[in-house]
Amino acid sequence: MTVTIPAPTLAVNQTPNDFTLETYERTAALYIDKSRKPEATPALTEFAASIKKAGSGTRVLEIGSGSGDQADQLAALGLSVTRSDAAQAFIDLLEARGVTAQKLNVVADDLGTSWDGIYANAVFVHLDRAQFAAVLHRSVAALKVGGTLAFTLTKGEGEAWSEVKVDAPRFFCLWT
Ligand SMILES: C[S@@+](CC[C@H](N)C(=O)[O-])C[C@H]1O[C@@H](n2cnc3c(N)ncnc32)[C@H](O)[C@@H]1O
């Protein structure tokens with residue numbers, strides 16, 4: 001984990017995830033500039049292979065698409081990807097390049113049903129532990145039987161706030 005900062009003051013009933021989404025609304029373009037993903041990662045390739053191996057369909061939901069780079073890679077590997085993000089700023093940037101994306105907050109919104117796969121890279125790290133547990137259950141329930149849920153987290157202990165990449169506070173919940 002990079003340099004941490006003191007926790008910002010949250011508004012009444014505002015969660016660290018809510019605050020982080022407000023940061024992304026202001027900094028989405030900067031985040032994309034700092035986080036381009038030009039090549040498929042082994043985890044992404046393994047996820048796509050798992051969906052295709054199951055053989056029951058290729059309908060995949062990506063949660064927290066951000067730039068959409070990884071959705072493009074999943075599509076290039078033959079999956080039918082629904083892109084989504086909770087921050088309207090990312091949706092607008094995707095739509096500006098002709099890509100459709102849904103506004104979907106994984107904490108609050110209906111995740112749909114019968115997905116062959118759900119993919120979330122570096123998204124659940126912005127949830128607190130209770131939100132993460134609930135989201136895991138709801139994500140699994142939104143899959144077809146035999147579907148695949150893939151997500152990445154950041155390794156570490158405790159929780160932290162950081163201004164890395166976007167020069168504004170984001171919340172990170174670390175996992176050992
Ligand atoms: C670190 S970025 C990762 C973006 C992209 N997946 C990538 O790998 O480049 C975290 C993303 O998760 C989204 N996000 C954060 N909280 C979310 C939530 N509750 N529901 C859906 N998306 C969320 C952010 O808007 C942002 O696009």
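This briefing covers the open and closed spaces in the structure and the ligand bound to the protein. The model is predicted. Its largest pocket holds about 660 Å³ of space, and the ligand sits in that pocket. Apart from the pocket, the count gives one cavity of 30 Å³ or more.

**The largest pocket**

- The lining of the largest pocket is made up of 35 residues.
- Lying nearest the centre of the pocket are Tyr24, Tyr31, Asn121, Ala122 and His126.
- Two elements, helix H1 (16-34) and strand S8 (170-173), each contribute at least two residues to this lining.
- Of the lining of the largest pocket, H1 provides the largest share, with four residues.
- Sorted by class, the pocket lining has 17 nonpolar, 13 polar and five charged residues.

**The shell around the ligand**

- The ligand is surrounded by 22 residues.
- Lys37, Gly64, Asp85, Val106 and Asn121 are the closest of these.
- Asn121 therefore appears in two lists, since it is among the residues nearest the centre of the largest pocket and among those closest to the ligand, where a residue counts as near if one of its heavy atoms lies within 4 Å.
- H1 supplies the largest share of the shell, namely four residues.
- The shell is composed of eleven nonpolar, eight polar and three charged residues.

**Polar contacts of the ligand**

- Gly64 takes part through its backbone, where an N or O atom lies 2.7 Å from a nitrogen atom of the ligand.
- Lys37 takes part through its side chain, which places an N or O atom 2.9 Å from an oxygen atom of the ligand.
- Tyr31 also uses its side chain, with a polar atom 3.5 Å from an oxygen atom of the ligand.
- Taken alone, the ligand would expose 590 Å², and the protein buries 98% of that area.

**The largest cavity**

- About 50 Å³ of space lies in the largest cavity.
- Its lining consists of Ser50, Ile51, Ala54, Ser56, Gly57, Asp116, Lys144, Gly146, Gly147 and Thr148.
- Helix H2 (42-54) and strand S6 (143-151) are the elements that give two or more residues to this lining.
- S6 gives the most to the cavity lining, with four residues.
- By class, the lining of the largest cavity has two nonpolar, six polar and two charged residues.

**Points to keep in view**

- Helix H1 gives the largest share of the pocket lining and also the largest share of the shell around the ligand.
- Tyr31 is one of the residues nearest the centre of the largest pocket, and its side chain has a polar atom 3.5 Å from a ligand oxygen atom.
- Lys37 and Gly64 are among the residues closest to the ligand.

Note on methods:
Residues numbered from 1 in each chain as written. Predicted model: local features only at pLDDT ≥ 70, side-chain atom pairs only at ≥ 80, totals over all residues. Heavy atoms only, no water. 1 Å grid on protein atoms, 1.4 Å probe; cavity = no way out; pocket = protein on both sides within 12 Å on 5 of 7 lines; lining within 4 Å. Points joined across faces, edges and corners; volume = space filled by probe spheres on them. Nonpolar A, V, L, I, M, F, W, Y, C, P; charged D, E, K, R; others polar. Polar contact = N/O pair within 3.5 Å; in protein donor to acceptor, adjacent residues only side chain to side chain. Areas by Shrake-Rupley, 256 points an atom, 1.4 Å probe, with all protein chains shown as cover. Sits in = over half its atoms within 2 Å of the grid points.
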